[in-house]
Amino acid sequence: MTTQSTEVILQSTITCPECDHVAEETMPTDACQWFYECSSCHSVLKPLEGDCCVYCSYATVPCPPIQEGKSCCA
């Protein structure tokens, strides 16, 4: 029997599509992050069409609301 973990992961690795810089970040739990400034090239990332936030577009782990099966920014 398998049990599904309900623990929300807050650490995610975000990759800049402009310069490929990788950064480990802690995602906010109380707000969507619509913009993210790359610490290397200073490009400002915005979510791709259809995604709710920059973590859902450019990171290894989706934002906390999506992990919980909820709508982000609702």
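Let us begin with strand β1, residues 11-15, where the side chains alternate. Ser 12 and Ile 14 point to one face and are buried, whereas Gln 11, Thr 13 and Thr 15 point to the other face and are not. Buried here means under 20% relative accessible area, exposed means over 50%, and partly exposed lies in between, with a 1.4 Å probe and protein chains only. Strands (E, at least two residues) and helices (H or I, at least four) are DSSP runs, numbered from the N terminus. In a regular strand, the side chains alternate between the two faces of the sheet.

I should state that this is a predicted model, in which local features need pLDDT of at least 70 and side-chain atom pairs count only at pLDDT 80 or more, while totals for chains, interfaces and linings use all residues. Residues are numbered from 1 along each chain as its sequence is written, and side-chain values use heavy atoms, leaving out hydrogens and water.

What does β1 pair with? Five bridges join β1 to strand β2, residues 22-26, and the two run antiparallel. Two strands pair if DSSP finds at least two bridges between them. Ile 14 stands opposite Ala 23 in β2. Six residues lie between the strands of this hairpin, and there Asp 20 takes a positive phi near 65 degrees.

Ile 14 brings us to the interior. Ile 14 is among the residues with the most contacts inside the largest nonpolar core, which has 15 residues; Tyr 36, Leu 45 and Tyr 55 are also among them. Such a core is a set of buried Ala, Val, Leu, Ile, Met, Phe, Trp, Tyr and Cys residues joined through side-chain atoms within 4.5 Å. Helix α1, residues 54-58, gives the largest share of this core, three residues. Leaving aside neighbours within four places in sequence, Tyr 55 is in contact (heavy atoms within 4.5 Å) with residues including Ser 12, Ile 14 and Met 27.

Turning to charge, how many salt bridges does the structure hold? The structure holds one, formed by the side chains of Glu 68 and Lys 70 at 3.4 Å, N to O. The term requires a side-chain nitrogen of Lys or Arg within 4 Å of a carboxyl oxygen of Asp or Glu. Glu 68 counts as partly exposed because its relative accessibility is 43%, and Lys 70 counts as exposed because its value is 52%.

Finally, the overall plan: the chain has two helices and four strands, following the pattern β-β-β-β-α-α along the sequence. Of its 74 residues, 26% count as buried.
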